[in-house]
There are 2 protein chains.
Amino acid sequence: MAETLTTTALTLKDIARQAGVSLATVDRVLHNRPGVRPDTVRRVKEAIERNSFQPHVAAAELARGRARRFAFVMPSGPNPFMQQIQDYLGEMSGWLSSRRLGVETVATDVFDPSVLAASLEGLSDDYDGIAVVALDHPGVRAAIDDLVDAGAKVVTLVSDVPSSRRHHYVGIDNIAAGRTAGALVGRLVGQKSGKVAIVAGSQGLRDHAERIFGFNQVMASEFPGLSVLPVLEGRDEDARSEQLLARLLGRHTDIVGLYNVGAGTQGVANALNEKALSDAGRDRQVVFVGHDLTALTRRLLLQGVMHAAISQNPGHEARAAVRVLLALARGEPILREQEKIRIDIVMRDNLP
Amino acid sequence: MAETLTTTALTLKDIARQAGVSLATVDRVLHNRPGVRPDTVRRVKEAIERNSFQPHVAAAELARGRARRFAFVMPSGPNPFMQQIQDYLGEMSGWLSSRRLGVETVATDVFDPSVLAASLEGLSDDYDGIAVVALDHPGVRAAIDDLVDAGAKVVTLVSDVPSSRRHHYVGIDNIAAGRTAGALVGRLVGQKSGKVAIVAGSQGLRDHAERIFGFNQVMASEFPGLSVLPVLEGRDEDARSEQLLARLLGRHTDIVGLYNVGAGTQGVANALNEKALSDAGRDRQVVFVGHDLTALTRRLLLQGVMHAAISQNPGHEARAAVRVLLALARGEPILREQEKIRIDIVMRDNLP
DNA sequence: CTCAAAATGAGTTGCGTACCTCAAAACACC
DNA sequence: GGTGTTTTGAGGTACGCAACTCATTTTGAG
């Protein structure tokens with residue numbers, strides 16, 4: 001009836017006895033210290049295996065004594081999503097300090113490779129782990145690799161640099177996000193055929209490019225009745241996005257769907273509202289899908305202007321980054337499933 | 001540039017010095033032991049506040065020494081969702097044992113109130129915390145309250161008993177889930193009008209009833225073009241669900257949407273497939289929204305038979321339950337945002 | 001003022017590990 | 001067999017807190 005999943009009360013002393021060696025030797029094996037014959041190493045490791053011994057993390061943490069410091073390198077400027085991540089880090093302060101963890105944020109211009117690389121250099125002297133919102137650029141990659149070489153644990157946050165030797169990436173799969181957006185636009189448009197517009201910040205940004213790629217993939221393969229118009233590059237600015245989109249909506253009266261890849265959401269909404277006014281009465285509402293859950297997108301969802309938002313949970317992202325850095329620093333395994341950032345579809349009725 | 005969120009290195013000794021008392025007194029205050037004048041209590045608490053002192057959890061855990069044991073009271077029988085939760089608990093075994101936590105599962109008939117209550121009785125002698133998939137019934141409520149009175153920490157899992165004194169509920173908001181299902185069916189049906197069918201296990205089950213409630217709410221207020229047919233009670237059985245639904249589909253040729261509230265998914269899919277065959281060619285596909293991500297629903301989504309699944313992440317649920325029980329046992333605060341179980345919308349293109 | 005009760009101080013022990021030192025034993029090599 | 005080197009044992013200290021004992025001081029009631 002009751003199935004035991006875990007029962008452990010063994011200590012290092014027990015392992016030492018079983019392996020027929022002293023505590024000191026077990027310690028040497030456990031921490032890869034030199035001066036142990038290969039044969040003895042094997043015996044000790046076997047004893048550990050046999051009992052599936054796990055060092056008591058609390059004891060280890062206490063004995064090691066050293067407080068750990070992590071740095072979060074984030075964009076300067078008023079990006080609400082990044083602000084939310086920092087807010088959640090603040091909310092964790094109790095959790096952090098009761099584990100003697102120090103978390104500090106370093107604001108920098110993450111869009112300038114040389115500035116970002118410069119910010120990263122030397123961080124390994126002061127911090128055990130670094131989480132960085134990274135631009136995918138050779139200079140940045142080199143800076144990350146340098147940190148890793150210097151012994152720091154590095155995770156990329158939100159935006160990845162897959163070619164670097166970072167230990168982990170905490171963020172969503174942007175191609176899948178784009179595919180999801182495509183599926184939503186296609187399904188929500190329904191039977192109608194027509195054109196679909198895309199507004200992005202820039203196709204030079206890795207995450208935007210990946211989202212567009214995924215979006216086009218789905219539109220081409222599953223919704224042949226919808227044709228995708230060339231991407232508008234609004235640079236994540238409201239004014240520019242509004243202007244470009246308004247012009248496009250004027251030229252193409254048969255636009256039935258819109259995918260906003262990045263920010264500039266207010267501008268997009270303005271352009272759509274103008275069109276809605278001039279179309280008044282006719283059933284011509286454009287299906288609008290965008291990213292991230294902010295005060296603005298929340299309002300637009302409630303108003304019915306926006307139909308769905310693809311969101312990544314900033315709280316989860318912040319916590320996952322800290323947990324991953326901590327596990328890496330301790331040499332513990334990472335619960336990959338737990339730390340995976342999911343793509344959430346948010347519509348009016350499941351607004352969290 | 002660098003903003004410090006946390007810096008702590010204080011120990012109890014420092015607090016004692018600041019408050020002008022001895023370590024023993026601080027200890028008495030911290031653990032609500034008797035024999036301290038109210039005024040002294042205040043002084044000590046102020047010193048703790050002032051420094052926002054947090055005891056070092058590792059040290060506390062080590063000093064307390066006692067291993068903790070948690071019980072998971074789960075349905076016997078082959079429920080795949082519950083099986084997934086147990087699987088994830090198994091995957092955590094390393095994490096658990098390195099913290100000297102024992103987790104055991106107790107299988108019982110959670111649908112029989114007296115059997116469930118009997119299983120719960122006496123558990124508090126052996127376990128520090130209990131997670132239970134609970135039926136909402138007076139007998140069960142009493143059993144839960146008894147456990148709480150006996151000093152055990154209790155969380156309800158997946159299904160809540162809000163009237164009990166359980167410390168926490170780990171699971172989704174089922175009314176919101178139903179609302180989400182309603183919004184999905186309504187939006188995915190698109191412009192068409194017609195009828196919508198509901199297949200549930202039983203309206204007597206709290207979670208099913210809540211989901212139906214939420215679903216109807218949205219349909220009534222937002223999709224007046226769609227009329228909801230009376231609920232079919234398939235008892236979560238494939239054969240019965242198929243039979244009932246097939247008959248309904250025969251009687252009403254204008255069914256455009258279907259909400260499957262519980263299990264019996266294979267039966268529902270069978271009935272839909274039959275209809276699809278007889279409707280061949282005509283654009284009459286029924287929008288099908290259901291719950292949970294299993295091997296079957298995953299296949300149906302990929303085949304395009306099912307359009308969306310509302311899912312709760314069983315891994316998250318298992319981990320959250322353990323973390324909450326641990327925090328409760330340690331007297332730590334619970335990170336509510338972290339432990340909240342989200343409602344995931346899964347469509348073909350964001351299948352995890 | 002006296003005396004018991006209440007409050008407090010001072011101290012100890014132990015939790016399981018990390019990290020260190022020093023001496024003893026085993027080994028390899030000539 | 002002697003030498004030097006490598007491997008191993010034994011033991012200690014520290015980490016911060018929980019939980020306890022016992023002596024001492026303070027307090028309040030009579």
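## A tour of two protein chains and a DNA strand

Start by selecting chain A and chain B together: about 6,200 Å² is buried between chain A and chain B, and carbon and sulfur atoms give 51% of that area. Keep in mind as you click around that this is a predicted model.

**Stop 1: the contact between the chains.** Colour the residues that touch across the interface. You should find 70 residues from chain A and 70 residues from chain B. Next, look for charged pairs: there are six salt bridges between chain A and chain B. To see one of the salt bridges, select A:Asp344 and B:Arg342, whose side chains meet at 2.9 Å, N to O. Twelve residue pairs, both members at pLDDT 80 or more, are in polar contact across the interface of chain A and chain B.

Now select residues 101-108 of chain A. This is strand E3, which gives the largest share of the side of chain A that touches chain B, namely eight residues. If you colour that whole side by residue class, it splits into 28 nonpolar, 22 polar and 20 charged residues.

**Stop 2: the symmetry.** Try superposing chain A on chain B. A rotation of 180 degrees with 0.0 Å of shift along its axis does it, with an RMSD of 0.2 Å. The two copies are therefore related as by a two-fold rotation axis. Which residue of chain A comes closest to the rotation axis? Select A:Ala58, whose C-alpha is 2.1 Å from the axis. The same surface serves both copies, as 100% of the contact residues of chain A recur in chain B.

**Stop 3: DNA strand D.** Show DNA strand D and the 26 residues that surround it; the closest are A:Ser22, A:Thr25, A:Arg37, A:Thr40 and B:Leu12. Of the atoms of DNA strand D that come within 4 Å of the protein, 69% belong to sugar and phosphate.

For the helices, select 23-30 (H2) and 57-64 (H4) in chain A, then helices H2 and H4 with those numbers in chain B; each supplies at least two residues of the surface near DNA strand D. By class, the residues of that surface divide into twelve nonpolar, eight polar and six charged.

**Stop 4: individual contacts with the DNA.** Zoom in on A:Leu62, where a polar backbone atom is 3.3 Å from a base oxygen of DNA strand D. Then pick A:Ala63: a polar backbone atom there is 3.3 Å from a base oxygen of DNA strand D. Finish at B:His31, which has a polar side-chain atom 3.1 Å from a phosphate oxygen of DNA strand D.

Definitions and conventions: Residues are numbered from 1 along each chain as its sequence is written. Chains are lettered from A and ligands numbered from 1 in the order in which they are written. Side-chain values use heavy atoms; hydrogens and water are left out. Contact means heavy atoms within 4.5 Å. Buried area is the accessible area (1.4 Å probe) that two parts lose on being put together, summed over both. A salt bridge is a side-chain nitrogen of Lys or Arg within 4 Å of a carboxyl oxygen of Asp or Glu. A polar contact is a pair of N or O atoms within 3.5 Å; within protein, one must be able to donate a hydrogen and the other to accept it, and residues adjacent in sequence count only if both atoms are side-chain atoms. Helices (H or I, at least four residues) and strands (E, at least two) are DSSP runs, numbered from the N terminus. Ala, Val, Leu, Ile, Met, Phe, Trp, Tyr, Cys and Pro count as nonpolar, Asp, Glu, Lys and Arg as charged, and the others, Gly among them, as polar. Copies are superposed by least squares on the C-alpha atoms of residues with pLDDT of at least 70 in both. A residue is near a molecule or strand if one of its heavy atoms lies within 4 Å of it.
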